[in-house]
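Work through these exercises with the model open beside you. Try each task before you read its solution.

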Amino acid sequence: MTKRFGTGARIFHWLVLLLLLVQIPAGIAMIAPALEQGSIDRLFVLHKGLGTVLLVIVLARALWRLTHAAPPMAATIPEQERRIATAAHATIYVVLIVVAGSGYVRVVGEGFPIEMMDALGLPTLLPLMPEVALWASLVHRFSIFLLVAMVAVHIAEVLRHQLVLRDGTLGRMWPPFGGGNVVIVPNGNGLATSDGDAAATPDGDADAVSDVDAQVTTDASTDETSGGDPSPISEGSPGEGPVR
Ligand code: HEM
């Protein structure tokens with residue numbers, strides 16, 4: 001039986017992805033030479049503010065993950081592949097923290113403002129440290145490549161499980177909320193949700209849902225804290241203008 005992550009983990013997952021889809025293009029665009037200064041400044045303000053929000057969310061997410069064990073992966077996934085996936089997921093958490101943390105250190109360490117946080121009256125958490133900020137800038141610029149590469153492999157793997165192996169892996173993290181605790185995987189022919197929605201099978205084979213009776217339970221106790229992997233993390237500018 002393939003079980004879903006709990007609602008908390010799923011909301012964190014899709015929220016981080018959504019914010020990254022804004023944050024990464026903003027970061028690339030703001031250093032593009034083609035833009036005029038006004039747009040660059042606005043992008044810097046957005047990137048620094050959103051990046052700081054992301055840092056807090058990513059730290060909260062890591063804490064959540066450490067205290068809420070992941071449900072076991074599909075039984076059909078070989079042990080070695082599970083271990084690799086678990087290590088890859090843990091690495092994505094670490095790289096996310098490094099990317100966001102280095103961005104924060106790079107800006108605050110050099111004495112530049114984070115306008116959105118200033119507007120909220122939030123204090124700067126670090127002292128001036130220009131040398132560290134310089135290193136943080138390098139780390140920020142290079143770790144982002146690692147993050148993008150790891151997320152790309154992660155997405156490719158999910159697509160392989162969803163489209164080729166059809167083992168319900170995507171359903172473990174989808175939908176962002178609701179959907180019940182169990183992912184219905186009809187004989188590997190397609191996917192349906194635990195709502196029993198026959199139309200959700202890709203081949204539209206309504207019979208497929210009845211094939212999975214044995215796999216569907218009303219396991220109300222299943223959430224991130226139960227029946228899961230016992231080891232929590234084991235799964236799973238400066239420049240002329242003031243805005244930098
Ligand atoms: C997960 C969060 C973050 C992501 C994904 C991200 C992504 C990026 C990307 C893609 C770039 C362009 C890199 C390049 O090719 O040079 C960049 C640059 C930059 N980011 Fe971030 N960033 C994040 C968090 C932050 C935070 C929290 C801050 C500051 C509060 C920040 C400040 C900057 C600055 C100042 C630059 C310009 C490069 C430099 O001058 O060092 N970023 N970021």
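**Exercise 1: Two helices that pack**

Task: Find the hand of the crossing between H1 and H2, then describe how the two helices run.

Solution. Start with the hand: where H1 passes H2, the crossing is left-handed. Keep in mind that this is a predicted model. Next, take the geometry. Two packed helices are described by the angle between their axes and the distance between the axes. For H1 and H2, the axes come within 9 Å and cross at roughly 155°. Angles over 145 degrees count as roughly antiparallel. Therefore H1 is roughly antiparallel to H2. Last, sort the residues of this contact by class: 18 are nonpolar, five polar and two charged.

**Exercise 2: The next pair**

Task: Which residues of H2 and H3 meet, and how do these helices pack?

Solution. Begin with the axes. Those of H2 and H3 are 9 Å apart, at an angle of about 145°. The crossing of H2 past H3 is left-handed. Now list the partners.

- H2 brings Lys-48, Gly-51, Thr-52, Leu-54, Leu-55, Val-58, Leu-59, Ala-62 and Arg-65.
- H3 brings Tyr-93, Leu-96, Ile-97, Ala-100, Gly-101, Gly-103, Tyr-104 and Val-107.

Finish with the classes: this contact has eleven nonpolar, four polar and two charged residues.

**Exercise 3: Around the ligand**

Task: Which helix gives the most residues to the shell around the ligand?

Solution. First, find the helices that supply at least two residues each: H1 (7-30), H2 (37-67), H3 (79-108) and H5 (130-165). H3 gives the most, with seven residues. Then look at the whole shell. There are 26 residues around the ligand, and Gly-27, Gly-51, Ala-100, Gly-103 and Ser-137 come nearest. Two names from the shell should look familiar from H2 and H3: Gly-51 of H2 meets residues of H3, and Ala-100 is listed on the H3 side. By class, the shell has 13 nonpolar, nine polar and four charged residues.

**Exercise 4: One arginine**

Task: Is Arg-141 buried, partly exposed or exposed?

Solution. Locate the residue: Arg-141 is in helix H5. Count its neighbours: 15 other C-beta atoms lie within 10 Å. A buried residue needs 20 or more, and an exposed one has 12 or fewer. So Arg-141 is partly exposed. Now check a partner along the chain. Ser-102 is 39 residues away in sequence, yet its C-alpha atom is 9.0 Å from that of Arg-141.

**Exercise 5: The whole chain**

Task: How many helices and strands does the protein chain have, and in what pattern?

Solution. Count six helices and two strands. Read along the sequence, they give β-α-α-α-α-α-β-α. Of the 244 residues, 29% count as buried.

Methods. Residues are numbered from 1 along each chain as its sequence is written. This is a predicted model: local features need pLDDT of at least 70, side-chain atom pairs count only at pLDDT 80 or more; totals for chains, interfaces and linings use all residues. A residue is near a molecule or strand if its C-beta atom, placed from the backbone, lies within 6 Å of it. Helices (H or I, at least four residues) and strands (E, at least two) are DSSP runs, numbered from the N terminus. Ala, Val, Leu, Ile, Met, Phe, Trp, Tyr, Cys and Pro count as nonpolar, Asp, Glu, Lys and Arg as charged, and the others, Gly among them, as polar. Axes are lines fitted to C-alpha atoms, for helices over the stretch in contact, and angles run from 0 to 180 degrees between N-to-C directions. Angles under 35 degrees count as roughly parallel, over 145 as roughly antiparallel, 65 to 115 as roughly perpendicular and the rest as oblique. A crossing is left-handed if the near helix is turned anticlockwise from the far one by less than a right angle, and right-handed if clockwise. Two residues are in contact if their C-beta atoms, placed from the backbone, lie within 7 Å.
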